[in-house]
Amino acid sequence: MATTSRPTGQQRAFAERTGRSLGRRRVTNAVMLGIMYVAAFAATLPLVFILVHLAREGASSLDLAFFTRMPKPVGETGGGMANAITGTLILIAIAAAIGLPIGIGAGLHLAEQRGTRLANAVRFLSDVLNGLPSIVMGIFAWQVLVRPIGHFSALAGGIALGVMMIPLVTRTTEEMIRLVPTSLREAALALGYARWRTSLSIVLRTALPGIVTGALVAVARIAGETAPLIFTAFGNQFWSTALDQPMAALPLQIYSYATSPFDDWHRLAWAGALVLIALVLIISLVARFATRSRFTAGHD
Amino acid sequence: MGSTSIEGASSADRWYRIITTACALSIPLLLGFIALQVFVGAWPAFEKFGLSFLTGSTWDVGAGEFGAAPMIYGTVVSSVLALVLATPLALGVAIFLSEFAPPWLRQPVAFLVDLLAAIPSVVYGLWGIFVLLPVLREDVMPFLATTLGLGNTPLFSGPAYGNSMLAASVILAIMILPYISAVAREVLMAVPRAQREAALALGATRWEMIRDAVVPYARSGIIGGIILGLGRALGETMAVTMLIGNRAELSASLFAPGYTLASVIANEFAEASTEFHTAALMACGAVLLVVTLMVNMIARWLVGRVAREGR
Amino acid sequence: MTSLIMPPAPPVAPPPADAPESASVAPAVRVAVRQLDAYYGANRTVRGVSLDFLDAQVTAIIGPSGCGKSTLLRCLNRMHETIIGARTEGEVMLDGDDIYARGVNPIEVRRRIGMVFQRPTPFPTMSIRDNVAAGFQSLGRRAPDRRTIDEIVEKSLVQAALWNEVKDRLRESATGLSGGQQQRLCIARALATSPRVLLLDEPTASLDPISTQKVEELLYELRGSVTVVIVTHNMQQAARVSDRTAFMLMGDLVEVSPTRKLFTAPEDSRTEAYITGRFG
């Protein structure tokens with residue numbers, strides 16, 4: 001769609017109608033184009049700044065001890081975040097155990113009961129749930145799971161993250177299943193497959209690469225969540241894998257170290273952030289790669 | 001005469017249907033349960049302070065006096081300022097990506113902008129504390145106050161601490177930019193080809209086509225995207241908590257520290273020792289819940305309208 | 001479960017509503033449709049159709065698009081009702097048993113009646129072999145053993161004239177096949193479970209002429225062993241492959257006759273108008 005180099009009759013007519021010379025309109029066009037380029041450039045700048053700074057500060061503080069050692073008390077240098085890394089992985093596992101099955105089930109329902117009043121309402125409310133601030137999810141989990149029990153627990157944190165995962169998984173599952181041609185479902189039904197078998201072994205299986213991608217994106221998103229954990233999982237300076245006890249998590253540790261007055265802790269916060277970002281980016285890149293291979297495989 | 005409307009379902013089919021329906025139903029139920037629990041927890045505060053919880057400007061934990069006006073003010077101001085900063089940039093990126101970008105540039109730029117949304121809030125906070133705050137304190141704030149001579153206006157008065165409403169707004173702007181631009185890009189791409197070609201056939205330049213044919217068509221979707229960004233900004237917690245200064249005072253100056261509903265919860269909840277302190281923080285959560293719920297519903301409705309028309 | 005599950009059902013023929021012309025020895029009726037109505041919501045797309053499909057013959061259903069021919073076909077194996085808001089009234093007898101009778105499991109009906117669609121529908125997550133054997137997957141413990149299935153797969157692929165093209169890559173994905181090969185694969189998949197009836201819904205609509213010819217030859221081969229019902233908008237195709245042809249218009253069955261007769265001496269003026277190209 002290249003604009004013609006010489007004014008056509010139509011362009012002249014347009015110019016007369018708008019009452020402006022073609023030259024001026026051309027200049028406006030060029031200026032706006034320039035502004036768009038600058039906007040795109042400016043929007044990517046913060047990311048570059050953040051990543052560069054993170055790599056510089058984080059890499060210099062990152063060593064093997066960071067992954068294998070426990071945090072040291074104030075005043076002692078060194079130490080690592082072995083407990084926080086483990087804690088984050090455990091919290092992700094709890095969240096996935098809740099968010100994946102419910103999200104996939106709900107996504108199947110939305111894709112199969114398309115157009116029913118319930119499906120429309122659930123789709124809308126799932127978007128609304130997705131927009132709830134994560135801190136609200138935190139106080140909800142606290143009210144339901146911490147207050148009655150009387151102490152902080154990893155389970156409460158994992159459940160708060162799991163609830164956040166549900167709408168994310170639901171919507172990608174629905175979208176991916178919609179990409180599966182209806183003819184495939186019909187072919188399975190015509191072969192004498194029961195509905196549930198058609199849905200699970202033909203439709204869901206065909207959509208699986210896309211759903212895996214969506215699940216990974218959801219995991220990447222909750223892996224870095226801090227707000228829902230502050231008063232649920234709470235954090236822990238010691239090694240703990242007990243689900244009914246407070247548990248350390250990478251984002252929590254970064255938060256408390258970043259807001260502390262100690263340089264050595266700041267150093268560890270940067271290292272932690274680098275590990276967290278690496279985790280999130282690796283998951284996102286894997287997800288992206290999975291999406292790409294799905295499209296090259298093709299359906300027809 | 002046989003008559004049938006539904007497939008005679010086997011019991012496995014029935015169970016499949018029951019399970020998936022239960023999963024779907026869990027979403028509205030969860031939403032309702034969350035709202036109920038937050039309001040139950042907040043009830044003592046609403047009961048004791050009534051409407052003055054929203055209007056009172058004193059938040060004194062020691063004295064047991066809780067008025068959330070400074071937090072509500074801080075939440076609204078930081079979010080709106082973030083929108084003002086982010087929207088032009090986000091729309092610029094969206095239009096660039098959907099209309100102008102050469103194909104080889106489209107993918108990488110879209111990827112980088114999307115990546116902004118993948119960075120955890122706490123990392124933004126960390127970066128904000130050690131990179132953004134010094135820059136604001138040493139360069140931007142003096143520039144605004146002295147060089148531009150805005151120091152006398154209430155908006156830019158007072159000492160430049162660094163930790164401030166301005167810092168929170170800047171970090172929020174960076175964080176919501178990818179959300180707004182993603183939605184805007186989607187609705188712009190949904191504008192039918194014919195709409196563009198009609199404008200070009202009339203002799204419009206590319207920019208005129210965008211301004212007169214594309215953007216008006218996608219307008220309500222773009223506004224929906226902006227409101228969606230607002231919803232994100234209102235509830236964003238960690239980065240704001242780490243940068244806004246956490247002081248419950250009403251101040252007109254953007255250089256002054258402030259507080260938001262989300263950050264007061266993050267900051268004080270784990271240490272709240274009295275029943276009313278906890279309830280007051282829950283009440284902040286309840287206000288946040290209601291506001292973001294409404295904002296999100298409006299946004300989804302607007303975005304959905306474009307998607308429906310586009311089909 | 002009803003007698004539909006028992007394989008050797010005697011071909012009982014209730015008196016046909018429209019007696020087939022000039023048939024010295026009347027062939028058995030495999031599928032008998034009686035006063036069938038099909039609805040999408042309030043929309044009645046098939047109106048009181050009564051029609052017999054004779055054993056081991058190819059019957060074509062023709063008519064302008066939207067005439068209800070595909071809907072009628074989908075009623076024959078209870079696929080119509082899988083669409084939300086769709087329902088049927090009337091009887092469809094398969095070897096004398098009403099497939100719409102109370103207690104009949106539609107899954108059993110569909111296992112006995114194969115179906116091939118307009119676009120090829122190989123299952124993309126399955127190999128070529130597993131696609132052909134897909135009909136056995138749902139049988140669970142009742143499924144034949146591996147070796148029997150392998151034999152059936154080969155037999156079905158030979159029957160569908162695809163064996164020579166795919167015998168060396170049975171383990172590969174079915175998505176690598178051409179459109180025509182995919183469609184023949186779907187026919188093999190439908191034949192693998194030895195259905196009594198094979199339904200084809202415009203099976204060549206998305207194929208190139210050479211693939212179309214192969215599928216048509218295949219239908220010709222199937223004559224004599226399977227009852228075939230083919231819906232097509234292509235009158236030449238109906239004339240080439242079918243023994244009998246039914247013409248539908250706006251949900252009504254206008255005429256059903258031996259193919260040669262329908263195309264040379266139609267009884268109804270509307271049929272004549274359609275085959276001479278005056279509408280549709």
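In this predicted model, the side chains of A:Glu186 and C:Arg74 come together in a salt bridge, with N and O 2.6 Å apart. That is the one salt bridge the rule picks up across the interface of chain C and chain A. Polar contacts add to the picture there, with four residue pairs counted at pLDDT 80 or more for both partners. On the chain C side, helix H2 (106-112), strand S6 (113-116), helix H4 (134-137) and helix H7 (179-192) each put in at least two of the residues that touch chain A. By class, that side of chain C breaks down into 11 nonpolar, nine polar and six charged residues. Overall, 26 residues of chain C are in contact with 22 residues of chain A, and about 2,100 Å² is buried between the two chains, 58% of it from carbon and sulfur atoms.

Turning to chains A and B, 86 residues of chain A are in contact with 83 residues of chain B. The buried area here is about 7,800 Å², with carbon and sulfur atoms giving 77%. Two salt bridges turn up across this interface; one of them pairs A:Arg25 with B:Glu208, whose closest N and O atoms sit 2.5 Å apart. Polar contacts between chain A and chain B come to 10 residue pairs, both residues at pLDDT 80 or more. Helix H2 (residues 22-61) of chain A gives the most to the side that touches chain B, chipping in 18 residues. That side of chain A is made up of 55 nonpolar, 21 polar and 10 charged residues.

As for empty space, the whole structure holds three cavities of 30 Å³ or more. The largest has a volume of about 410 Å³, and of its 29 lining residues, A:Arg221, A:Glu225, B:Tyr179, B:Arg232 and B:Glu236 are the closest to the centre. Helix H9 (195-223) of chain A supplies at least two residues of this lining, as does each of four chain B helices: H4 (103-118), H5 (121-147), H6 (165-189) and H8 (206-235). The lining has 17 nonpolar, eight polar and four charged residues.

The second largest cavity takes up about 50 Å³. A:Arg221 turns up in its lining too, along with A:Leu129, A:Asn130, A:Leu132, A:Met137, A:Val163, A:Met164 and A:Pro167. Helix H5 (117-130) and helix H7 (154-179) of chain A are the elements giving two or more residues to this lining, and H7(A) has the largest share, with three. Sorted by class, the lining has six nonpolar residues, one polar and one charged.

How values were computed:
Residues numbered from 1 in each chain as written. Chains lettered and ligands numbered in written order. Predicted model: local features only at pLDDT ≥ 70, side-chain atom pairs only at ≥ 80, totals over all residues. Heavy atoms only, no water. Contact = heavy atoms within 4.5 Å. Buried area = accessible area lost by both parts, 1.4 Å probe. Salt bridge = Lys/Arg side-chain N within 4 Å of Asp/Glu carboxyl O. Polar contact = N/O pair within 3.5 Å; in protein donor to acceptor, adjacent residues only side chain to side chain. Nonpolar A, V, L, I, M, F, W, Y, C, P; charged D, E, K, R; others polar. 1 Å grid on protein atoms, 1.4 Å probe; cavity = no way out; pocket = protein on both sides within 12 Å on 5 of 7 lines; lining within 4 Å. Points joined across faces, edges and corners; volume = space filled by probe spheres on them.
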